[in-house]
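I opened my notebook for a first look. These are my entries, in the order in which I made them.

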Amino acid sequence: MNVSPTSKSVKPQPTPWDEWDAGCDSYGGEMHPPLLDIHTALAPLLKRLEEYDKVRLVLEKEGGSLAMLDSLKQLLSESFRLDDPGRSEVSLSSPQELRRLLSRISWTLRLEIRRTRSCMASYLLCRVSEDYWGEYSLVVEDLYLSPGYPIQDERFVRLMTYSGKEAYHIRLSQLRSGVMKLSGYEKASSVEVDSLLHRLGRHVFQAAWHEDQRLAFAAASHLVPLPSFCNAIELLYLSLGGDLCELRAHLGGLAECFAPVGVYPQPALHRLITGLPGLTGAELADFPKRATELYGRLSKAFAMFLQCQVPWGLCNHPVPVWKILYGNFSRLSALEELRQYPELVDAASELEAEAIAVTEELLTVGTLFG
Amino acid sequence: MEAVQNRIFLAYLSSKVYSHRDAVEAYRIFAASQVELCATSIKETIDAAVIFGDLFPAIDNLQLHPVVASLLRRLVTATGRFSAALEGLPEEDYLILGREWVLENCRSIIEVLEELKESQVAEELKDEASFFQKIEDNMRIPEGSRIATAICLAPLAGPLAPTLRSEYDNTGLYLNCAISKELPEEARQTLNEFAEAMNAAVSQKKSWQDTRSDVLELQMRTTPFESGPLSGTPIDGHDVQVKLGEDTTGKGAVFDSPLELVDDPQAHARLIEEARPLTQALRRLLYPHFKSEPYLERFRASGSLDPARLALGDFSEAVYRHYPVLEQMNHRGGALLVLACDGSASLDIDQISMLRLLTTAWLMSTVGSDVKVIAGIYHSDHLQGLYQPPPVVHWLFHPRKTPAIGQQDAVRALLSLDQGSGAQSDALQLMFILDEAVQVARGRKIYLVVLSDTNWNNSFHNSNLSGQQEVEAFFKDAYSRLGSRLNVTLVALAPNEQETGFEKKIDTVVSIPANEFDDPEAVARKIGVYVASQIRSGGSSRSEHHERSRS
């Protein structure tokens, strides 16, 4: 076989990212993404997203002209540069390239794009903290959230994972501003705030929040207000799914997060967390057993509430509440008319009373819960 | 009529066929929640009113276009009466009820039309075409109000007038904005360009990812009672065939998925540092890609006859010039390096650790070069929905199937690999990996590196061959298909015997005994010898090897 070398290929000029990529040529260099100020690096992207959403919202709410469509098209297609080491060029119409670049800036960044009802793009750019011990990963900061981005339950958001599957993530980013108002956190750094949110997520919300609760919380927020019911659900889930011994060992600073002026005011959780250190081992071990019984009771009470029949629709036929709820799950805001029905109001009162009773029974373990 | 028919059919299934289960009613309720009334067509509005009308809230609370609201109000009222009558109705009365229902709906639609247009329409309706033409006439933008020069768009999220047809394509709602046929070409172009840019920004292109939830919702919304994208077998493997002999072919199914990347920068840096001696040794390896080009060779006569005058004489072109094929290095496209790693439970911790180091080293050695890489770990794994763990290939790096943005990033997928699991089906899974490689390589040379403990497993229950014989058959089949385009290296990690049995059957065998695992320098020297042998031979697949294997 004759092998004759042909002309040498010309290598492109190296970029600042190549040194990071090459690794082998500079073994003493950093092998992980360089530490950047993410907000500075992403400022041009955030600005572009704001400009895009401004025009989009006008078109969606007030209408417009073809010139505005043209302006939107330019905002999507035109390239712009980020303030990263490579001054990389991206555009909103190449979301895959944009995600690759974000991955280089930080492995914790996630960009999700969803269609709005008008079939236009809406964006969520967030930072995620992985919790390898729990079922969900934690969204600790929303760097950008488009108005109208579809989030049905504020506690959860669906993000595409590295394995190509969409999964629910717990949205603790909504609590970020509350954490920064806590005493001692007014001048806290981003890392300290992340740390508290991670602890809250890992020790409390991983157990207290679950995607199975979405129906109950949807009913509580859109049909009739059911605050005690929601509190009872979170308390029961934490008692059943959480490791109270481990929680007891990591209580520092968590209790005040659930106080009335805290990050997430929740009296049931506040009482539980405050009283945990005083419980004996036997009382702690008794918690899940009691919670299992009380969970059955509360589920039954909720089922009775959903079976309540109300006159519905143009023909005023009696329809059970569960059918109305399931059949209109994508337009829950239109169900507020149900609050006027006395049958439903009565059923809600009974459910609330049962929830309060369940909470009291669970928290009367020991004498320290008051 | 179709809507009424479907509604009656659903009631029949609920009450008579599946009366002990609420599945049909539950699905109807779910489908009702998916209906989008703010941007819809006439047909969808009628379907929604007839099939789901009993579940909708008060029309005034829905913020609908006046035409949609008016149509819904009338149709839902009719639906309520007929749905109540449907309960407990004998089957033989379905047709009578259905006919009355359809007529009532037609009357409702005509009332709506009469609200839009002053003149009576009923006598002029002869067929469906003229019926819809009447609707379109009433939808047309009045003269002088929104004409081409100052085209205004209604609020896109607001309630829109219903269209005549359901046309959900990638542009979705934009068709609602451009119903008028009087739009000038420039306006249409603007709309099309906008739709293309928006489509590029919002649609999902990755084929290895699950369908995004909002994309799935849109698909299911338009086809509520047809088989959806989730129907059928949720887990489909890839059918693979391996020629085991003259008349025997082994068949099997292999599943694949990407391996998740680990977010641990320190562990990532540690693994790359640990593999550095091996990476340095491998970086000197060349993976040349050759291209075959015919060139013109002129016949040069020797002796006293002047060869330059031959062209003036009478000659035969077959003698005067011919076109031999020259194989030369092609710098315009790199070769494809394929790493197939045995991740089965037969590998102990030390073997897995060495496998991780070698895979890391091979990945890192190609960073910054033109060489393309695909790398995967093959074994068996539990998959949801399957009782027995099937053969699975977990991709570490694949241009179309993994999220890693480069070879260095792909090393993150190795961080969680601390032990082998499952059982491998060597021949079957190697054939699958090679088939993937052929698709990615697109004619380029393929360097297949198999990292294994050489405890070969049977892949096919119906074959009488041993695991090793099946793998031999695979290599033979691969060489016969790909010829000089394939170069195979087997890296045997602590093999049971001194010779693996493949020394004369494939291009290279590198054997790493167990006592060298703790000495990366020794392994690096061995790799260096292997590298040198590759360079001496030009990196080309030795034709004598496959000649031998063929014989």
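**Entry 1: the interface**

I began with the area buried between chain B and chain A, which comes to about 6,800 Å². Carbon and sulfur atoms give 62% of that area. I noted for myself that the size of an interface is often given as the accessible area lost when the parts come together. I also wrote down that this is a predicted model.

Next I looked up the residues in contact: 86 residues of chain B meet 76 residues of chain A. I then asked how many salt bridges the rule finds across the interface of chain B and chain A. The count there is 3. I looked up a salt bridge between B:Glu25 and A:Lys323, whose side chains meet at 3.0 Å, N to O. For polar contacts across the interface of chain B and chain A, I found 14 residue pairs, both residues at pLDDT 80 or more.

Which helix gives the most to the side of chain B that touches chain A? I found that helix H8 of chain B, residues 185-202, does so with 11 residues. By class, I listed 45 nonpolar, 21 polar and 20 charged residues on the side of chain B that touches chain A.

**Entry 2: chain A as a whole**

I turned to chain A and noted 13 helices and 10 strands. Chain A has 370 residues, and 54% of them count as buried. I put its accessible surface at about 16,600 Å², with 54% belonging to carbon and sulfur atoms. I also looked at contacts in chain A between residues at least 6 apart in sequence: 62% of these join residues at least 24 apart.

**Entry 3: A:Ser129**

I picked A:Ser129, which lies in strand S5 of chain A, residues 121-129. Is A:Ser129 buried or exposed? I have it as buried, because its relative accessibility is 17% and the cut-off for buried is under 20%. Leaving out residues up to four places away in sequence, I found that A:Ser129 touches A:Ser137, A:Leu138, A:Val140 and A:His198. With A:His198 there is also a polar contact of 2.6 Å between the side chains.

**Entry 4: salt bridges**

I counted 37 salt bridges over all chains by this rule. In chain A, I looked at A:Arg155 and A:Asp153, whose closest N and O atoms are 3.0 Å apart in a salt bridge. Both A:Arg155 and A:Asp153 are buried.

I then followed A:Glu154, which forms a salt bridge with A:Arg171 at 2.6 Å between the closest N and O atoms. A:Glu154 lies in the loop between strands S6 and S7 of chain A and A:Arg171 in strand S8, so the pair ties together parts that are 17 residues apart in sequence. I noted A:Glu154 as partly exposed at 41% relative accessibility, whereas A:Arg171 is buried at 4%.

In chain B, I found the side chains of B:Arg276 and B:Glu273 in a salt bridge of 2.1 Å, N to O. B:Arg276 is partly exposed at 24% relative accessibility, and B:Glu273 is partly exposed at 34%. Back in chain A, I noted one network of salt bridges that share partners, joining A:Glu112, A:Arg114, A:Arg158 and A:Glu166.

**Entry 5: B:Glu472**

I ended with B:Glu472 in helix H16 of chain B, residues 467-482. At 26% relative accessibility, B:Glu472 counts as partly exposed. Not counting residues up to four places away in sequence, I found that B:Glu472 touches B:Phe502 and B:Lys505. B:Phe502 is 30 residues from B:Glu472 along the chain, and I have their C-alpha atoms separated by 7.8 Å.

Methods:
Residues numbered from 1 in each chain as written. Chains lettered and ligands numbered in written order. Predicted model: local features only at pLDDT ≥ 70, side-chain atom pairs only at ≥ 80, totals over all residues. Heavy atoms only, no water. Helix = DSSP H or I, 4+ residues; strand = E, 2+ residues; numbered from the N terminus. Buried < 20%, exposed > 50% of the residue type's maximum accessible area, 1.4 Å probe, protein only. Contact = heavy atoms within 4.5 Å. Polar contact = N/O pair within 3.5 Å; in protein donor to acceptor, adjacent residues only side chain to side chain. Buried area = accessible area lost by both parts, 1.4 Å probe. Salt bridge = Lys/Arg side-chain N within 4 Å of Asp/Glu carboxyl O. Nonpolar A, V, L, I, M, F, W, Y, C, P; charged D, E, K, R; others polar. Areas by Shrake-Rupley, 256 points an atom, 1.4 Å probe, with all protein chains shown as cover.
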